[in-house]
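Open the model in your viewer and keep the sequence panel beside it. This tour goes stop by stop, telling you what to select and what is there.

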Amino acid sequence: MKELSVTELGRRLWHLALSLFILLCVTFVIGRVLPADPVGAIVGELADPAAYAAMRQKLGLDLPIYQQFLIYLKGLAQGDFGTAVLTGNPVSADLAQAFPATFELATLAILISTFVGVPLGLTAALFRDSFIDKIARVIALVGHSIPVFWFGIVGLVIFYAGLNWVGGPGRIDVFYEGLVTPQTGLLLVDSLLQGETEIFWNALGHIILPAVILAYAAMAYITRMTRSFTLEQLSQDYVIAARAKGVGPARTVISHVLPNIAVQLITILAISYGGLLEGAVVTEIVFSWPGIGQYMTNALMIGDMNAVVAGTIIIGFIFMFLNFLADIAYAIFDPRTREAAR
């Protein structure tokens, strides 16, 4: 492992800042050109033309788009995303309330997909063309082929409505709502911190099905990439030498192969985690999950572009930041990446 130079770190930070600025520009322009009418959503379709014009002026929509963008950037610098039409609250406050639910769902999903996908990919590569390998490839193919919303609907029908093994839509039963004081915003964590074990199990019953379904697509990708990385390493000289010395297949993979693909796996997991945060929108709609995805969808339905643009920026920034961290880890632990960039 080698230290990352200040110059290279600065260059990567500049790329991150530039990417974020481009995201801001594209998202803002799209939010302004979409055929949505935030003024009409506020004053109503039958409002007096004078009231409509006054509200349009108040929102700054009568200004040229570049002036609107500069005003928006000034607000962002102060942490102001505007006011949400749907709730009347500052968008930043709404996002702060909704994001922990998405974060909790996506975090549990990435844990499930990692602890299942990585061992499955390693095993599939170790026993190439075996029955286990074929099963792993089928699982990966199905995970890439079938939409998440279909899995969600089928899962609710079978495991909730039919077998009653899991909780239904929502984050918790109505009976328990408001009994846990939000501290971290993560219901599973807060309920344990406050000793509410009954609420914890109820919340776990609600989150487990959407988390598993959300994790399936990521697990398919992680399994496929882990298998590919492992197969590449199994043909290397150091593995052949280890096998010639009598090292068992499992020990070879765990002690020799896994450390050599760890950096690649970090990148894959970071991309998958960002994708889960971004892709939780569909899952949240199916399961009525009160996260940022459902918040953005409800806002989009009424043309509340402040909320939609802010949510897009937050998710996009997190996705880019995770990729930035993975890129930094790659450069630190794999010097070949740093040499190639010079």
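Which side chain meets Asp133 in a salt bridge? Select Arg137: its side chain pairs with that of Asp133, at 3.5 Å from N to O. Bear in mind that this is a predicted model.

**Stop 1: the salt-bridge network**

Stay on this pair. Asp133 and Arg137 both belong to helix H6, residues 131-145. They sit four residues apart, about one turn of the helix. An α-helix has 3.6 residues a turn, so residues three or four places apart point the same way.

Now colour by accessibility. Asp133 has a relative accessible area of 0%, so it counts as buried. Arg137 has a relative accessible area of 39%, so it is partly exposed. The cut-off for buried is under 20%.

Add Asp129 to the selection. Its side chain also meets that of Arg137 in a salt bridge, at 3.7 Å from N to O. Asp129 lies in the loop between H5 and H6. Check its backbone too: phi of Asp129 is near 65°, a positive value in a residue other than glycine.

Bring in Arg227 next. Asp129, Asp133, Arg137 and Arg227 are joined into one network by salt bridges that share partners.

**Stop 2: a salt bridge between distant parts**

How many salt bridges does a search of the whole structure find? The count is four. Select Arg171 and Glu104 for one of them. Their side chains meet at 2.8 Å, N to O. This pair links distant parts of the chain, 67 residues apart. Arg171 is in the loop between helix H7 (148-162) and helix H8 (187-193). Glu104 is in helix H5, residues 91-126.

Are these two partners buried or exposed? Arg171 is buried, and Glu104 is buried as well.

**Stop 3: Thr283 and its neighbours**

Move to helix H11, residues 249-286, and pick Thr283. Its relative accessibility is 1%, so Thr283 counts as buried. Show what it touches. Leaving out residues up to four places away in sequence, the contacts of Thr283 are Leu105, Val148, Pro210 and Leu214.

**Stop 4: from H11 into H12**

Step along the chain to Ser288, in the loop between H11 and H12. Here phi is near 50°, again a positive value in a residue other than glycine. Ser288 has 37% relative accessibility, so it counts as partly exposed.

Now select helix H12, residues 292-301. This helix is mostly covered, with seven of its ten residues buried. Which residues of H12 are buried? Highlight Ile292, Gly293, Gln294, Tyr295, Met296, Thr297 and Ala299.

Go just past the helix. Gly303 follows H12, and its phi is positive, near 75°.

**Stop 5: the nonpolar patch**

Turn on the surface and go to the start of the helix list. Select Trp14, Leu18, Phe21, Ile22, Val26, Val29, Ile30, Val33, Ile65, Tyr66 and Leu70. These residues form a nonpolar patch on the surface. Together they have about 1,100 Å² of accessible area.

Which helix gives the most to the patch? H1 does, with eight residues. Helix H1 (6-33) and helix H4 (65-77) each supply at least two of the patch residues.

Zoom in on Ile22, which is found in helix H1. At 46% relative accessibility, Ile22 counts as partly exposed, because that class runs between the 20% cut-off for buried and the 50% cut-off for exposed.

**Last stop: the whole chain**

Zoom out and switch to a cartoon view. The chain has 14 helices and zero strands. Along its principal axes the C-alpha trace spans about 85 × 60 × 40 Å.

Colour by burial once more. Of the 342 residues in the chain, 43% are buried. Now turn to contacts. Among those with a separation of 6 or more, 72% are between residues 24 or more positions apart.

Show the full surface. The chain exposes about 18,300 Å², and carbon and sulfur atoms supply 66% of that area.

Finish with the charges. There are 19 positive and 24 negative charges in the chain. The mean positions of the two sets are 16 Å apart.

Key: Residues are numbered from 1 along each chain as its sequence is written. This is a predicted model: local features need pLDDT of at least 70, side-chain atom pairs count only at pLDDT 80 or more; totals for chains, interfaces and linings use all residues. Side-chain values use heavy atoms; hydrogens and water are left out. Patches are made of residues with over 30% relative accessible area and no salt bridge: like charges are joined within 9 Å, nonpolar side chains (Val, Leu, Ile, Met, Phe, Trp, Tyr) within 5 Å. Accessible areas come from the Shrake-Rupley method with a 1.4 Å probe; for residues, only the protein chains shown count as cover. Buried means under 20% relative accessible area, exposed over 50%, partly exposed in between (1.4 Å probe, protein chains only). Contact means heavy atoms within 4.5 Å. Lys and Arg count as positive and Asp and Glu as negative; His and the chain ends are not counted. The place of a charge is taken as NZ of Lys, CZ of Arg, CG of Asp or CD of Glu.
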